[in-house]
Structures are given as structure tokens and as C-alpha cells.
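Here are some exercises to work through with the model open beside you. Try each task before you read its solution.

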Amino acid sequence: MSTTEKTTLSTSDETPLLKRLAGANALWIGVVLVLLIAVFGALRPDAVFNQVTFQTTLAETSVLLVLAVGMTYVIITSGIDLSVGSVLVFSGVAAAQTMNALSDGDATKAGWDVVFAGLLVALGSGAAWGFLNGTLIARAKIPPLIVTLGSFGAATGAALLLNNGSNVGNIPENLTDTVGFGTYLGIPNMVLIAAAVTIVGALVLNTTRFGRYTYAVGSNEEAARRVGISVTGHLTRVYLLAGVLSGLAGFMALAYYRTASVTGHETDNLNAIAATVLGGTSVFGGVGSIVGSVFGVFIPSVLSKGLVFVEVNKFWQPIAMAIVLVVAVWFDQSRRRARNQR
Amino acid sequence: MSEPLLEARNLVKHYGSVEALRGASFTAYPGEVVSLIGDNGAGKSTLVKCLSGVEQPNDGELLFEGEPVTLSSPTDARDLGIETVFQDLAVAPDLDPAANLYLGRELKRSGPLGWFGVLDKKEMRRHAAEHFRNLGVSLQSIDVPIAALSGGQRQSVAVARSVAWASKLVFMDEPTAALGVVQRERVLDVIKRVRDQGIAVVLISHNMPEVLSVSDRIEVLRLGRRVARFKGPDTTVEELVGAMTGALSQEDAA
């Protein structure tokens, strides 16, 4: 008798799914995204609802999405990572140079073994920078803003040093044709990779102990420490994860742009942070979701594409973004204040 | 009376030239609420830190169930079934009560999913709901963030968490300090229920009526030493204040 009674009580205690969804920031930002697409779609249905637009928008956004997944973990721990764009550049240059070196200077026709070696170098470089960030933040207790501002500069400098400040070309066609421009059932492979990273990232965050500790550390570091969670180890792993994902993003960018570019990624860090925060992840830590970050990544790209379609000067895009971003943070802050007053 | 659960004999602790404990003794019996009171600077916090493994005494003896023990870390104390509720709610405000209850002790799914660290949220939630009910902690729902709860409920969750893992003894350092009257009553009810489950509760408090209403016994510290012991029901506030200020002392207490 007592067992059934307990089960019914515990389930009736749970908040209904709909109510929980309505309380989530991610849902609202998703609504904004759908509204944007609907408005642009109503104005220019021919340009918006066509396969090429969808494919290019998705593919271009894939690299940023991978960065945003790592950034979501970092920001949930109440940290920040300004170095993701530079680490992306460094990993791309290091991978491209390795592939060229393995093919006597020109990797264009290189085989899969060389491509794989390049991937390992990209992931390894990302991991190294991530580990450095994590160690300085978690062990030396230097604020994340300062540490990653440092590695932001250092990784850019190191990337420039590697190839004397120029881009690295001669990317294997094997890589650009499959990863960069290949499709599967009409979906660009870039998108499939980013989607896989996102799904795994979301599952780990929501269902595993690693995810739970990420929230706990961001919510109250001292509480986490007192219950015996290794806060130092966990923070190191989170920044390591962000680094590895930056390395992967660097490799994807290599495949898509057919060159390891040392420019053009200066604001990737800010874009990833904006996307994450827009998606309802709190800069105060403890709250956030990968799903939200996905919406957050697509809002700026839909805005800039859409403004071009409706022939509004696309320089309005950053201004529109800025407004949405500030409103999103203000919303989060006032909601927290209301909640904490009880 | 039965054998003491935890006994401290003549503990000495100094920080540099400051003597926080000068031969302090303390006794807790199984299944009782014993209050530890004393004026500011009497050494209450230091004593609790020594008894919960946070700090190590410079001299003196600790006995747990009659056996000498050394507590070199809070984990040692935890392994003996001793938990502590900290004055500043050590909970994660963005996690729900069940997640807080199991923080650091999460249950994993059985089978391959568990190898990847996948949590058994359903089971944790079920056990948590059951545990909160047993302690009379009423929460409108089990899956809202702790920050959305009232102060009393938050403190009740913090108390319930320690109690869930403590098999023998719980230290509560000013658990009602930040609470209103109604909320305070609730936490005191939880304390009584914990005692009724056979777990010893050591309550550190400044609130004399509260101490008298809930304690089975009261021990008084003054200047780093135990100066008096009282039975809860037949003590008055005047006696307690007298012992705290030094106006009254019992020869056999130290």
C-alpha cells in the first residue's frame, strides 16, 4: 500500500511538461527565431523557402554552432572563454601545415591517412589550449575573463608565427569535397557533424553526472566543493572540452573555406558568447541549455540573410542583434531577482 | 545513560597565540538533541570544526562509540556517519531539491548507460520525495530550483540532505539564524523528527527559547571550556545565561 502511495505522490509533485517548457528561456528565443523566419518568409517566400538558402545558412552556421556547444558548458560554470576563435585559427593552421608537411608541401591530392593526421593535430591543439585555460583558471584561480583574454591573444600570435602571418592553402580535396561540400540526403555534411556534436553535447549536459556537476559548479562552487565534487578537476575538463570543440571547429572551417585562414575569426568568440547568452544560458552560471544555444546561433545568421532578402541595409544586423542580446540578459536578470527575493 | 556516541575530552586548539579551545569537552548521546551554546568567542565554531573534521585539535582526545578516532578531513567524519549543516546554506540554488539531496552522491543508471555516467533521475526523485515526506518537509514540487523555494524550505532541504546521509550524528550550525518565525518552527520540527529516527543532533544556536524548546540536553562553553551541563526540560533561560556569562558554574562540568 505504502509503495503505491509514494509513487503517486512523487509523480504528482512533478511540474507538468508544458509549464516547465513555458518557464524556459530557450523556448522564448525559439519562438523569436520562428517569428523571424515567418516574417522574412512572408516578405520573400521565393528566397527564404528554397533549398539553397537553407543549405548555405545551415552550413555557414555549423562552425559557430560547434563553438557555441563548448561555450554553453563554460558559461554554465559561470565562466567565459574568449579564446575559442583564436584556438580555432591556431588549430586550423597547425592541421593544414601538418597535412602539407606530410605530403611534401602540397596536400591537395593527399589521402585519407593525411586528413586523419590533420584532424588529430587540430583536436590536439584545441585540447592543449583548453587544458592551459582550464589549469590557469581552476588551479591558479585566475579569473576566466583574464586567462582567456590572454590565450585569445597568444593563440592568434602563435598561429601567425606558425606560417609567418599568411593563410595556409593546399587543403586535401578529399577533405573539402566530403566534409566541406558533401551532402547526405540533401543535408550538408558540415551540418550533420555539427548536429551530432550538438546532440551529444545536449545529452551529456542533461543526463550525465558530468552535466549535473557543470550546473552545480556554476550554481554554487562552494556547495559543490563541500559535497566532495572536485571543482578544480571539473572546471579543467570543461575548458578542455571547449578547446577540443574549437579544434574541431577549426578543422571544419578548413574543409569549408578550403584554406586555413588567419583572419575572419576575430569575433567568433563574441558571436559564440552572444548565441549562448541569447539562448537563455545565464552569465551568472548554473542555468542554460544547448537547445537554447542552437536557437541563439541561428538568430544572427537568419537576421543577416533575411535583411539582405528584404533589401534592408544589412549593417542593421549587428544593431538588431545588440538589442536582442541586451534584452535577453535583462530578462534573465530580472527573472532571477524576482525569484531570489522569496 | 547509555554509552556516549561522540565524546571529546580536553580538546585544545590554538591559532597562533590565540587559544580558541582550552581543554574543551563535549558529549553527544545517540538519539538526542544536544545544544551547544556559549557567548561569541566561546569556541563553539572551533569545537564543531574539530568534531566534524574541518580542523584538527592540537591536543585532546576524540572518542566515537567508545573508540579513539582521529578526523583528518570532513570525509573521515562523513565515513563515520557524521554530517554537518552549514550556517550559509551550502546548496546549489539552481538545482532542484532532489538534485541537491543527491549532489556528489548521484545514482547512475544500471547497465551500459551508467558506464557513460547517465543519471537515474527518476529513482533519485522518487527517493528524495519519500525522504522529504518522512521528515515532514512539504515542497509544492520536487523539480523547481531551490532558489524558487522560501527560506525555510531551502533550509529544510539543506537539513534533510545532511540527515539523509548521516547515520549517526548531525551538526547544525545556527540552522534557523536567517529564518522567520513560521519557517523556524518548521526547521525545529525537522530536527525533532531526525532525533526520533535515532540520529543525534548537535544544535548550535544563539536563540535561548529555541534551545530550550528543542533540546534534550544543553552544554555550555565559556572561554574555550565546558562550564555547565543541563537537562533540557528543567532549565531556565536565566540559568543558561548565567553559565554563559560566568555567573554560574558547575564544578563537575569540565
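The exercises below concern a predicted model, and each is followed by a worked solution.

**Exercise 1.** Find the strand order of the open four-stranded sheet in chain B, and work out which strands stand at its edges.

*Solution.* Start with the order, which reads β2-β1-β4-β5, with antiparallel pairing. Next, look at the two ends: β2 (18-28) and β5 (67-68) of chain B each have a single partner strand, so one side of each has no neighbour in the sheet. Now move to the pair β1 (residues 6-15) and β4 (residues 59-64) of chain B, which is antiparallel and held over five bridges. To place the register, pick B:Ala8 and look across to B:Leu62 in β4(B).

**Exercise 2.** Decide whether strand β3 of chain B is mostly covered or exposed, and identify the strands that it pairs with.

*Solution.* Begin with burial: in β3 (residues 33-37) of chain B, five of its five residues are buried. Then separate the faces. In a regular strand, side chains alternate between the two faces of the sheet. In β3(B), one side carries B:Val33, B:Ser35 and B:Ile37, the other carries B:Val34 and B:Leu36, and both faces are covered. Finally, check the partners. Strand β8 (residues 200-204) of chain B runs parallel to β3(B) over four bridges, with B:Leu36 opposite B:Ile204. Strand β9 (residues 217-222) of chain B is also parallel to β3(B) and joined to it by four bridges; here B:Ser35 faces B:Ile218.

**Exercise 3.** Is A:Met190 buried or exposed, and which residues does it contact beyond its neighbours within four places in sequence?

*Solution.* First locate A:Met190 in helix α10 (residues 189-207) of chain A. Then count: A:Met190 has 26 C-beta neighbours inside 10 Å, so it is buried, the cut-off being 20 or more. With neighbours within four places left aside, its contacts are A:Ala59, A:Ser62, A:Val179, A:Gly180, A:Met252 and A:Tyr256. As a last step, compare sequence and space: A:Thr61 is 129 residues away along the chain, yet the two C-alpha atoms are separated by 9.2 Å.

**Exercise 4.** Describe the side of chain B that touches chain A.

*Solution.* Count the residues first: 28 of chain B are in contact with 27 of chain A. Helix α5 (residues 121-134) of chain B gives the most to the chain B side, with five residues. Sorted by class, that side has 15 nonpolar, five polar and eight charged residues.

How values were computed. Residues are numbered from 1 along each chain as its sequence is written. Chains are lettered from A and ligands numbered from 1 in the order in which they are written. This is a predicted model: local features need pLDDT of at least 70, side-chain atom pairs count only at pLDDT 80 or more; totals for chains, interfaces and linings use all residues. Two strands pair if DSSP finds at least two bridges between them. A residue is buried if 20 or more other C-beta atoms lie within 10 Å of its own, exposed if 12 or fewer, and partly exposed in between; C-beta atoms are placed from the backbone. Two residues are in contact if their C-beta atoms, placed from the backbone, lie within 7 Å. Ala, Val, Leu, Ile, Met, Phe, Trp, Tyr, Cys and Pro count as nonpolar, Asp, Glu, Lys and Arg as charged, and the others, Gly among them, as polar.
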